[in-house]
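Here are some short exercises to work through with the structure open beside you. Try each task yourself before you read its solution.

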Amino acid sequence: MSESIKLIYKILKILENSMDYPELDVDRLSPEALGTSLNRRNAILEMLLKKGYIDGIAIKKYVDEESSVILGLENIKITIDGLEYLEDNSLMKKAANLAKGIAEIIN
């Protein structure tokens, strides 16, 4: 699984788990906590927003800045589409692990 796909899953999983609490600990979404660069984290958040998997943030691009700026990170939420992505991804992972296990038994 690519680094970006793992990061997408990790971000969405953090947001899903945060639904049980009154507010999100935004430090969990820091580049350091996610183990990635600021540019990659922001690019992934922008993609998730465009796909409709997250909501509550805004993306600003300034001419003199190298990366996008995320506004309203404290308001970020997972959407129904994001929850469905997590569910589908979990099922695909289980199916892949099952297929891998069957292949190991056959060989």
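## Confidence first

In this predicted model, the protein chain has its lowest confidence in H4, with a mean of 72, and its highest in E1, at 98. Over the protein chain the average pLDDT is 87, and 83% of the residues score at least 70.

## Exercise 1: An aromatic pair

Task: Find the rings of Tyr-53 and Tyr-85 and decide whether the pair is stacked, edge-to-face or tilted.

Solution:
- Step 1. A pair of aromatic rings is described by the distance of the centres and the angle of the planes.
- Step 2. For Tyr-53 and Tyr-85, the centres are 5.2 Å apart and the planes meet at 40°.
- Step 3. Stacked needs under 30 degrees and edge-to-face over 60, so this pair is tilted.
- Step 4. Now place the two residues: Tyr-53 sits in the loop between helix H3 (38–51) and strand E1 (54–55), while Tyr-85 belongs to helix H4 (residues 80–106). The pair therefore ties together parts that are 32 residues apart in sequence.
- Step 5. Tyr-53 and Tyr-85 are both buried, and the structure holds 1 aromatic pair.

## Exercise 2: Two polar residues

Task: Work out whether Glu-46 is buried or exposed, and find its partners.

Solution:
- Step 1. Locate Glu-46 in helix H3.
- Step 2. Its relative accessible area is 12%. Buried means under 20%, so Glu-46 is buried.
- Step 3. Leaving out residues up to four places away in sequence, Glu-46 touches Ile-59, Lys-61 and Ser-68.
- Step 4. With Ser-68, the side chain of Glu-46 makes a polar contact of 3.3 Å.

Task: Do the same for Ser-30: is this residue buried or exposed?

Solution:
- Step 1. Look in the loop between H1 and helix H2 (31–34), where Ser-30 lies.
- Step 2. With a relative accessible area of 17%, Ser-30 is buried.
- Step 3. A polar atom of the Ser-30 side chain lies 3.1 Å from the backbone nitrogen of Ala-33.

## Exercise 3: The nonpolar core

Task: Which residues have the most contacts inside the largest nonpolar core?

Solution:
- Step 1. In soluble globular proteins, nonpolar side chains tend to be buried together.
- Step 2. Here the largest nonpolar core has 22 residues, and Ile-11, Leu-12 and Ile-76 have the most contacts inside it.
- Step 3. Helix H1 (3–17), H3 and H4 each supply at least two residues of this core. The largest share, 7 residues, comes from H1.
- Step 4. Take Ile-11 as a case: beyond its neighbours within four places in sequence, Ile-11 contacts Leu-29, Leu-34, Ile-44, Leu-45 and Leu-48.

Terms used
Residues are numbered from 1 along each chain as its sequence is written. This is a predicted model: local features need pLDDT of at least 70, side-chain atom pairs count only at pLDDT 80 or more; totals for chains, interfaces and linings use all residues. Side-chain values use heavy atoms; hydrogens and water are left out. Rings of Phe, Tyr and Trp (its six-membered ring) pair if their centres lie within 6.5 Å; planes under 30 degrees apart count as stacked, over 60 as edge-to-face and the rest as tilted. Helices (H or I, at least four residues) and strands (E, at least two) are DSSP runs, numbered from the N terminus. Buried means under 20% relative accessible area, exposed over 50%, partly exposed in between (1.4 Å probe, protein chains only). A polar contact is a pair of N or O atoms within 3.5 Å; within protein, one must be able to donate a hydrogen and the other to accept it, and residues adjacent in sequence count only if both atoms are side-chain atoms. Contact means heavy atoms within 4.5 Å. A nonpolar core is a set of buried Ala, Val, Leu, Ile, Met, Phe, Trp, Tyr and Cys residues joined through side-chain atoms within 4.5 Å. pLDDT is the predictor's confidence in each residue, from 0 to 100.
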